[in-house]
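I opened this notebook to record what I looked up in one protein model. My entries follow the order in which I consulted the structure.

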Amino acid sequence: MASLTPISQSHSFLKRPNLKTPPPPHFSSSFILKNFSYSKALSFKLPRMVTRSVVVSATTAEKPGKRYPGEAKGFVEEMRFVAMELHTRDQAKEGEKEVKQPEERTVKVWEPTVDGYLKFLVDSKLVYDTLEGIIDKAAFPSYAEFRNTGLERSEKLAIDLQWFKEQGYTIPEPSSPGVTYAEYLKELSEKDPQAFICHFYNIYFAHSAGGRMIGKKVAEKILDNKELEFYKWDGDLSQLLQNVRDKLNRVAESWTREEKNHCLEETEKSFKHSGDILRLILSYVKNMVPGSVSMSSRPQKPQNLPVDDHHDTCPTQPPSKFRNL
């Protein structure tokens, strides 16, 4: 019968090698720099680059990655959060901005004018014409995602301006706020897609929320409650907005964190330009103009500007400086 000799005995080459702990290295006194005091030895540091790499790796191992407000729900929620920070509590329930300057205060007496409103509509049309032209040409592939979303306003505004013309009003040329913003959007869209997307988002989403509320107030004051096409959408507006949210989130998935932060930092400029155009509504003195549009000059009960409870409202004044992320 074959012997069942243990493998460890019959195959001596498989035995664990007898490893001995090496003796500690011996450094002669020549290793220590002459005239190098003990106090200096205590303060001796590794080269900067090595020290930095050690610190970074330790921090990464001990602390989880930083989460930005709204990040878990998608990038659109991050944009919404930043927009809310630029609202006062009078403008939105989630507003956080403190009013520090007189021009930042909410307008208490809401007295729009037809002349000012026409300026606002004309400048708004120029901005939407520019936005929709940029999206159509798509200098960057991501822009093409936002064609034919159902949120487009240019054609609707053309119908409204034609209606005013039929009532006997002269349609003005675009003014400085609209021209300035349109030019800025053109330049931005050709070199900075993340910043441009910030404006795209804030313009369309602000109009669908606070913009509608302001439009309703204007109609009550000077248009005999006529609802303009500017404030109408073909289809379910909530679904149209959700579709665009989904597309924005998908586009932002390919961005780095730095690119996302850059997009968020553009929010303040978007608010400033939109606010400049919105203030045109209140910038002209009322005139009695014949036609079917009511221009009653009788005293009106003061009313607060509409408050946006759910999204980015059109600001009535430039926001305070947005803090760096």
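The entries below go from the whole chain to single residues.

**Entry 1. The whole chain**

I noted at the outset that this is a predicted model. I then looked up the secondary structure and found 11 helices and 0 strands. Read from the N terminus, the elements run α-α-α-α-α-α-α-α-α-α-α.

Next I looked up burial. The protein has 325 residues, and 41% of them count as buried. I also looked up how contacts are spread along the sequence. Among contacts between residues at least 6 apart in sequence, 82% join residues at least 24 apart.

**Entry 2. Helices α4 and α10**

I recalled how such a case is reported: two packed helices are described by the angle between their axes and the distance between the axes. I chose helix α4, residues 75-85, and helix α10, residues 257-265. Their axes come within 10 Å and cross at roughly 35°. The crossing of α4 and α10 is right-handed.

Which residues make the contact between α4 and α10? From α4 I listed Phe75, Glu78, Met79 and Val82, and from α10 I listed Arg257, Lys260, Cys263 and Leu264. I sorted the residues of this contact by kind and obtained 5 nonpolar, no polar and 3 charged.

**Entry 3. Aromatic rings**

I searched the whole structure for aromatic pairs and recorded 14. One of them joins Phe140 and Tyr143, with 5.6 Å centre to centre and 65° between the planes. This pair is edge-to-face, because planes over 60 degrees apart are counted that way. I then looked up the accessibility of both partners. Phe140 has 25% relative accessibility and so counts as partly exposed. Tyr143 stands at 0% and therefore counts as buried.

The second pair that I examined is Tyr201 with Phe205, whose ring centres are 4.8 Å apart and whose planes are at 35°, which makes the pair tilted. Why are Tyr201 and Phe205 separated by about one helical turn? They are 4 residues apart in helix α8, residues 193-222, and this spacing is the reason. Tyr201 counts as buried because its relative accessibility is 0%. Phe205 is likewise buried, at 0% relative accessibility.

I also looked up which rings are linked through pairs into a cluster. The cluster consists of Tyr117, Phe120, Tyr128, Phe146, Trp163, Phe164, Tyr169, Phe200, Tyr204, Phe230 and Tyr231.

**Entry 4. Lys156**

I located Lys156 in helix α6, residues 154-166. Is Lys156 buried or exposed? Its relative accessibility is 14%, so Lys156 counts as buried; the cut-off for this class is under 20%.

I then asked what surrounds this residue. Leaving out residues up to four places away in sequence, Lys156 touches Glu229, Phe230, Lys232 and Asp234. Of these, Phe230 also appears in the ring cluster of the previous entry. The side chain of Lys156 makes a polar contact with the side chain of Asp234, at 3.4 Å. I looked up one further distance: Lys156 and Tyr231 are 75 residues apart in sequence, and their C-alpha atoms are 8.4 Å apart in space.

**Entry 5. Arg147**

I found Arg147 in the loop between α5 and α6. At 35% relative accessibility, Arg147 counts as partly exposed. Apart from neighbours within four places in sequence, Arg147 is in contact with Ile135, Asp136, Lys137, Ala138, Glu152 and Lys247.

Which backbone oxygen does the side chain of Arg147 reach? I recorded that of Ile135, at 3.3 Å. I also noted the separation between Arg147 and Lys137, which is 10 residues in sequence and 9.7 Å from C-alpha to C-alpha.

**Entry 6. Positive phi values**

My last search concerned backbone angles. Asn148 has a phi near 50°, a positive value in a residue other than glycine. I placed Asn148 in the loop between α5, residues 114-137, and α6. Asn148 counts as exposed because its relative accessibility is 72%.

Asp224 also has a positive phi, near 50°, and is a residue other than glycine. Asp224 lies in the loop between α8 and α9, the latter covering residues 237-252.

Methods
Residues are numbered from 1 along each chain as its sequence is written. This is a predicted model: local features need pLDDT of at least 70, side-chain atom pairs count only at pLDDT 80 or more; totals for chains, interfaces and linings use all residues. Side-chain values use heavy atoms; hydrogens and water are left out. Helices (H or I, at least four residues) and strands (E, at least two) are DSSP runs, numbered from the N terminus. Buried means under 20% relative accessible area, exposed over 50%, partly exposed in between (1.4 Å probe, protein chains only). Contact means heavy atoms within 4.5 Å. A polar contact is a pair of N or O atoms within 3.5 Å; within protein, one must be able to donate a hydrogen and the other to accept it, and residues adjacent in sequence count only if both atoms are side-chain atoms. Axes are lines fitted to C-alpha atoms, for helices over the stretch in contact, and angles run from 0 to 180 degrees between N-to-C directions. A crossing is left-handed if the near helix is turned anticlockwise from the far one by less than a right angle, and right-handed if clockwise. Ala, Val, Leu, Ile, Met, Phe, Trp, Tyr, Cys and Pro count as nonpolar, Asp, Glu, Lys and Arg as charged, and the others, Gly among them, as polar. Rings of Phe, Tyr and Trp (its six-membered ring) pair if their centres lie within 6.5 Å; planes under 30 degrees apart count as stacked, over 60 as edge-to-face and the rest as tilted.
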